[in-house]
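Visitor: Please take me through the structure shown below. I should like to discuss helix packing and then pockets.

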Amino acid sequence: MLLNLIILVISLFLLIKGATMSTRFAVKVAESFRLSKYIVGFIIVAIISILPETLISINSAIQGVPSLGLATLFGSNVADLTLVFAVIIFVTKKNIKVESKILKNNIIYPFILIIPIILGLDGYYSRIEGVSLLIVGLIFYYFAFKNNDEPKTENVPTHDRSKYIYLLLLGMLVLLVGSHFTVTSTANLAAAVGISPIIIGMFIIGLGSVIPELLFSIKSVKENDDSLAVGDLLGTVLADATIVVGILALISPFYFPIKIIYITGVFMVIASFLLFYFMKSGKTLTKNESFILFIFWITFVLIELFLVI
């Protein structure tokens, strides 16, 4: 058991380090192509940010524990929509500004998160449902990219671009190694101590996987790039709930404990509606609102622990 715990800690470190590297250099690569900050945050960084959950989910499916991947995805999404925003405001001591364009472009955002919940009400994701979720996610991203008209970032030298691409690939390699051993050590640890792998996936792996976007978002808000932070977090959640779940179902259609949908999934959807309600009020996310989001996350944790264990 001790060995599995040590391996899990090392694996999570690799996961966080690889994701942090990948996020940092993905931004550099994107900026070298003069993409806008909104696109960098909502699409480029978000895609990199979902790599930990994606690789964990794929490894979970391959190793026969797909519910671990699903619990990690939905659990990290609830944390992204509540806890992460609260921590950003607490650390930076600043309200988060929300541009009108972000709210306009994402007006149907919370409703899209309902789709994976509806498709999973029977406790099963088929390949057809996986394809449907992939299409929904890709269409949303297509229109987000198409409707964007924000100013582009400054260009960087081409030789720097090549260096950043190599470092990005290195970070993704570290991520791959970390995700593989995270899944194997989690399954072994859960079996050794008699704890559901869903709990470990939701709260240990799930929280570990949000650290890269948390660090990126804190840095962005400190540098007054609030749209980068908001775009990254919203993009990560949407991609997790549609594209990654879709990939998971495509690789291996799977059954899962229905509580993941009725509890974790429902909390994810409610959190998105609550967050968007706060962002629309004055087009900022305030300290008081972030405190409510934090309480919401604590409530989610207590209910999950009470009903799942």
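**Helix packing and pockets**

Guide: Helix 1 and helix 10 make a right-handed crossing (the near helix is turned clockwise from the far one by less than a right angle; anticlockwise is left-handed). Helices here are DSSP runs of H or I, at least four residues, numbered from the N terminus. The model is predicted, so local features need pLDDT of at least 70 and side-chain atom pairs pLDDT 80 or more, while totals for chains, interfaces and linings use all residues. Residues are numbered from 1 along each chain as its sequence is written, and side-chain values use heavy atoms, without hydrogens and water.

Visitor: At roughly how many degrees do helix 1 and helix 10 cross?

Guide: They cross at roughly 30 degrees, and their axes come within 9 Å (axes are fitted to C-alpha atoms over the stretch in contact, with angles from 0 to 180 degrees between N-to-C directions). Helix 1 is therefore roughly parallel to helix 10 (under 35 degrees; over 145 is roughly antiparallel).

Visitor: Which residues meet there?

Guide: Helix 1 brings Leu8, Leu12, Ile16, Ala19, Thr20, Thr23 and Val27. Opposite them, helix 10 places Ile204, Ile205, Gly208, Ile211, Pro212, Leu215 and Phe216. Contact means heavy atoms within 4.5 Å. By class, this contact has 11 nonpolar, 3 polar and no charged residues (Asp, Glu, Lys and Arg are charged; Ala, Val, Leu, Ile, Met, Phe, Trp, Tyr, Cys and Pro nonpolar; the others polar).

Visitor: On to helix 3. How does helix 3 pack with helix 4?

Guide: Helix 3 (residues 51-62) and helix 4 (residues 66-92) have axes 6 Å apart and an angle of about 160 degrees. Helix 3 is therefore roughly antiparallel to helix 4. The crossing of this pair is left-handed. Glu53, Ile56, Ser57, Ser60 and Ala61 of helix 3 touch Pro66, Leu68, Gly69, Thr72, Leu73 and Ser76 of helix 4. That contact holds 5 nonpolar, 5 polar and 1 charged residues.

Visitor: And is helix 3 roughly parallel or roughly antiparallel to helix 11?

Guide: The axes of helix 3 and helix 11 (residues 226-251) come within 10 Å and cross at roughly 20 degrees. Helix 3 is therefore roughly parallel to helix 11, and the crossing is right-handed. From helix 3 come Glu53, Thr54, Ser57, Ile58 and Ala61, and from helix 11 Thr236, Asp240, Val244, Ile247, Leu248 and Ile251. The classes here are 6 nonpolar, 3 polar and 2 charged.

Visitor: Changing topic, which residues are closest to the centre of the largest pocket?

Guide: They are Thr23, Arg24, Val27, Phe216 and Lys219, out of 14 lining residues. On a 1 Å grid over the protein atoms alone, a pocket is an open set of points where a 1.4 Å probe fits, with protein on both sides within 12 Å along at least five of seven lines; lining residues have an atom within 4 Å of a point. Helix 1 (2-32) and helix 10 (197-222) each supply at least two lining residues, and helix 1 gives the largest share, 6 residues. The lining divides into 5 nonpolar, 3 polar and 6 charged residues.

Visitor: What lines the second largest pocket?

Guide: Its lining includes Leu83, Phe90, Lys93, Lys287 and Phe294. Helix 4 contributes the largest share, 5 residues. By class, the lining has 7 nonpolar, 1 polar and 2 charged residues.

Methods
Angles under 35 degrees count as roughly parallel, over 145 as roughly antiparallel, 65 to 115 as roughly perpendicular and the rest as oblique.
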